[in-house]
Amino acid sequence: MTWSLGEVEALARKAARGAGYDWGLAEEIGRAVRWLSGRGGPAADLLAEYLCDVQPAASCPFAVGAALVDLSGGIRPGTEVELGPVAAPVFLLPFVADLGGGRVSRGDVTLATQDDLSVVNWPESWIWSQSAVVVRFLGVPATPPRPLTHRATLSHAGLATLTTLAGRTYAPPTEASRVSGAGAGLADND
Amino acid sequence: MKDLPPEIAPRDPAVVMRLARLGASHQHRLSFLRILLRRAKADRWRYERRVFEIDTAGVGHAVLTMHTPDRAYSLVAFSHDLPADQRSDRVIATAWDATFALFDGIPDAADIDRLARNIPLQEAGRVGERELSVSRANRSVRLWDHVVDCLAKGEQPEEAKLAEVGYLMRTTAVYGSGKLGAADREVTCDRPEFLPPFQIEMLTVWLIRTFVMDLVEHMAAARSVTAVRLDPVLRRRFGIGNSTGLGMAPFLINHPVLLNNWIGAREEALARVRRLPDATPQDVARFRSLVHRARHNLDLWRTSHPVQVSRIGALRADFDLLVTHLSEAALDQVAPWNRLWLWAEGALSVEGQEALAALMMEPYGDLIDGMACCMSADEGGAFRIDGDMTIGALRAALRQVYGWAIDIDWADPARQARVWYTSAEKLEPRLGDRFAEPLAAYEQPLSPGREAARLFADLDGQPEDATTADLLQAHPEHRHTVRRLQVAARYPYAELRDNTIDAAMLPIDLLRAKLAFFGAQHFDPRSDRWVRITLFGGAPFPDELAQMDPDDWTYPA
C-alpha cells in the first residue's frame, strides 16, 4: 500500500508534535518528510526511528535545518558549514534544498538535493553516528526540482509508531465533549 | 472622459476579514462551481453515462464520465440500501445511501472491483493515485419518498415540497487532495481544468447530482411501469445538499495564502466594477433584473436557525431599500457602481452589502472571470521564514495585522473561552470549553490572535535591530506564529481579523465563508457549528450545458 504525500506530511507533523516539538518545528518536520518522500526516500520510517531514539549527543536535524534557513542571509554559493554531530543528517536535505540546493556529507558519504534518494541505501552511520556533518551550498538559484514520485512508502512498524505519537495530540473523550464538541445532535433522517 | 472616479482600492482587510462579514458571504461569479461550469461549456466537455447497473431495490453501481478535450474523468457511484436508523449526516457515520469516487480516466473492471471493496467503507477503505476524490451522500428521506411516489403514479412532485428541501441527497464529506490515499493536488494541479481551487470536488458534486436524479427516476420506474420522468425544468431545480460541520472550519486558518487569493480575487473584482466610469443600458438592465431575481431567491431560502432567520429578515429589508434606491437614483451618472456601493455601505446590513457585491459582479464576466486562474495557491512557497527581518519590522507587522488582538484583554476568560482540538475518538476537529474541560494540553494552533499577542509581549525590551533568527533561537515556540505573521504581512487577506477562541465566536461564519466560495446557496445553520447548504440548484446538467448559459441560473428566473 502506498500513501499520498499529503498523508505522510500530516502524519509526520502530528507525530512530531506528539513527540514534543512545538507546532512551528512540527510543520517543518512534516514538510521535510514530504520532500524526502517525494524523492523516493523512506523518510516517514526514518522519522519514526528518530523520534523513538533521540540521541542527546547529536543535534536535532530539524532544529539545525530550520536554523540554517533562518540564518541563510550570509550563505553564498560555495559556502561550507561545519555542523558538528547531527542525528539523521539526511533530514537536512530538504532545508538545503530550500536554500537553492547543495550537498550534505558525513565521513565519505555525500548526498545531494538533486539525487534520486530512493536508490540510496542510507547507511546506518548516517542515522546513529556521532561524527560531524558538513553542508556545502551550491546556491543554484533554481526552483526546487519537482518530486520524482507522488507516493510515499511507510512500513507497518513506522505507521504504528507515528500513529501512536500522533495520538498524543488527540484529546481523550469526555461526556461533555461527546455531547457538545461537534455541535450536532439533531436528527438527520429528514 | 471627465470626472473619472479616483483610484478605488480593494476593500480594507480590517473590514473584509471580520468573521461576521465573512459569515455573510454569498456565491458570486468567482465561486468554484461557476468556474467549473464556464470551463465545461467553453471547452465543450462531453458527458457519457457508461454504466448504470442498479437493481429494483436501488443497489448497484454506475459510471458517469465527463470527456474534456484531453482527458476523461469518471464518477464511480455505489448505491446502497441503507436502513433508516443508520442515516446520519455526521462525518463519523459508517454507512450511507450512496458512496462515490472520482476516477482519473475511465475505470476498467478491475478498477471497479477494487473501488467496490473500498469506496463503500469511506474512511475505513483505501484508494490510490487514480482516485481524485472520495465522497458519500444520504437521502433527504421526506423528499425522496415524495418524488418516487409521485413519479411512480405518473405525476410530478409538488413544487412546494421541493422548495422546502431543495435536494434529494446531501453529501456529508467530499475528500480530495490526497485524503484516504487519493492523488495529491500536485498530481493534477498542472491540468488547466484543475488549476482553480476545488475543481475536482465541484466536478464530483455536479456528477453526483446527475447520478441522484437518474437514480430517483430509476426507482420510480422500478415501482411502476407507468412511471414518468421528471419535467426537465423542475428537475433542474434540484441541487445537491451538503452538511458541513466543524471539520471544515480550520481549513481557512490553515491555508492563509489560499484564503488571501480567494478573497483578494473577489475584492479586486468588486473594485474593478466600482472603477467603471459608466454602465451600458444593457448592463444596467441585467443588474436590475438580477436584483429582482435575487429578492425572489430569498423566498426559497429556508432556515429555522434564529440568527439566520433574523439575517434573512434584514436582507429582505435591504432588498426593499435597494429597489427603492434604484428607482430613485439612476445608474447613468458617472461612476454609477461606486456611487451605489458607497450608498450601500451606509444603508444596508452586512448581509445586504455582501449580497450586493456579488450582484454587481454579475454583468461583468469579461472584466472578472479571468481572475479564476489566480485563486489557487502554493502554501509551500510562503513557508520559509525570513530570518533577517528585524524585530522592529516584526513589531510593526504585528501592530498592522494583529493590532486588534494586541488590544484584547486576554486575562478575561471569555476572550479565550474555547479550545480547538482533535478528538481521539473520532479524529475530527472539535471545539471545547477551556475552563470546563481538560483540553488545553491538546490545543491546535488555531488561535492566531492570541498567539500574536503572546509574541508581541515577548518582543518587549528586545532591540529593534535584532533579527527574527535571533528571536527564534531564544523562543522556538513562536516559530509557527512568526511564519504566519510574515505571510499575513505580505498577503493582505491571509488573516482573519477576529478572535477564533472567543466565547462569542460562531464557527458557522468560517464554514459559510468557505462554502460561499464553493458556490453554496441557502445556508441553513443547524447549530452554531453545523450548516446545511445547497449546491448546483438550478444549474444545467452535464448533458444540457451545451444549450444553456453556464452562469445565468444562480438567481432563479
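**View 1. Helix α18 of chain B and its buried residues.** In this predicted model, the buried residues of α18(B) are Pro448(B), Gly449(B), Arg450(B), Glu451(B), Ala452(B), Ala453(B), Leu455(B) and Phe456(B). The helix spans residues 448-458, and eight of its eleven residues are buried, so α18(B) is largely enclosed by the rest of the structure. What do the buried residues of α18(B) pack against? Their partners are four helices of chain B, namely α10 (249-254), α17, α19 (468-474) and α20 (479-490).

**View 2. Asp378 of chain B and a residue distant in sequence.** Asp378(B) sits in the loop that runs between α16 (365-368) and α17 (391-406) of chain B. Its relative accessibility is 55%, so Asp378(B) counts as exposed. Along the chain, Asp378(B) and Glu186(B) are 192 residues apart, while 9.8 Å separate their C-alpha atoms.

**View 3. The domains of chain B.** Domain 1 of chain B is assigned residues 34-158 + 167-228. The assignment also gives domain 2 (256-376) and domain 3 (379-490). Taken over C-alpha atoms, the centres of domain 1 and domain 3 of chain B are separated by 41 Å.

**View 4. The hairpin of β10 and β11 in chain B.** Strand β10 of chain B covers residues 521-527, and β11 of chain B covers residues 530-535. The two strands form a hairpin with two residues between them. They run antiparallel and are joined by four bridges. Within this pairing, Gln521(B) of the hairpin stands opposite Thr534(B) in β11(B). Strand β10(B) is mostly covered, with six of its seven residues buried.

**View 5. Ala539 of chain B, in the segment after β11.** Ala539(B) belongs to the segment that follows β11 of chain B. Is Ala539(B) buried or exposed? Ala539(B) has a relative accessible area of 0% and is therefore buried. Leaving aside residues up to four places away in sequence, Ala539(B) touches Leu37(B), Arg209(B), Arg236(B), Glu544(B) and Trp553(B). Another residue to find in this view is Phe238(B), 301 residues from Ala539(B) in sequence but 8.5 Å away in space, C-alpha to C-alpha.

**View 6. Two loop residues of chain B with positive phi.** Most residues other than glycine have a negative phi. Arg44(B) has a phi near 55 degrees, a positive value. This residue lies in the loop between α3 (32-42) and β1 (46-54) of chain B. Ala335(B) also has a positive phi, near 50 degrees, and its place is the loop between α13 (306-328) and α14 (336-347) of chain B. Which accessible areas go with these two residues? Arg44(B) is exposed, with a relative accessible area of 73%, whereas Ala335(B) is buried, with a relative accessible area of 7%.

**View 7. The four-stranded sheet of chain A.** Chain A contains eight helices and seven strands. Four of the strands make an open sheet in the order β2-β5-β3-β4 (chain A), with antiparallel pairing. At the edges are β2 (80-85) and β4 (109-112) of chain A, each of which pairs on one side only. On average, and with direction ignored, neighbouring strands of the sheet are turned by 20 degrees against each other. The edge strand β2(A) pairs with β5(A), residues 132-137, over five bridges in the antiparallel sense. Gly84(A) stands opposite Val133(A) in β5(A).

**View 8. Helices α1 and α2 of chain A in contact.** Helix α1 (residues 5-18) and helix α2 (residues 23-38) of chain A have axes that come within 8 Å and cross at roughly 145 degrees. The crossing of α1(A) past α2(A) is right-handed. By class, their contact has eight nonpolar, four polar and six charged residues. Residues in contact on the α1(A) side include Leu5(A), Val8(A), Glu9(A), Ala12(A) and Arg13(A). On the α2(A) side, they include Trp23(A), Ala26(A), Glu27(A), Ile29(A) and Arg34(A).

**View 9. Chain A as a whole.** Chain A has 190 residues, of which 52% count as buried. Among contacts in chain A with a separation of 6 or more, 75% are between residues 24 or more positions apart.

Note on methods. Residues numbered from 1 in each chain as written. Chains lettered and ligands numbered in written order. Predicted model: local features only at pLDDT ≥ 70, side-chain atom pairs only at ≥ 80, totals over all residues. Heavy atoms only, no water. Pairing = 2+ DSSP bridges. Axes fitted to C-alpha atoms, helices over the stretch in contact; angles between N-to-C directions. Left-handed = near helix turned anticlockwise from the far one by under 90°. Contact = heavy atoms within 4.5 Å. Nonpolar A, V, L, I, M, F, W, Y, C, P; charged D, E, K, R; others polar. Domains from an automatic or database assignment. Buried < 20%, exposed > 50% of the residue type's maximum accessible area, 1.4 Å probe, protein only.
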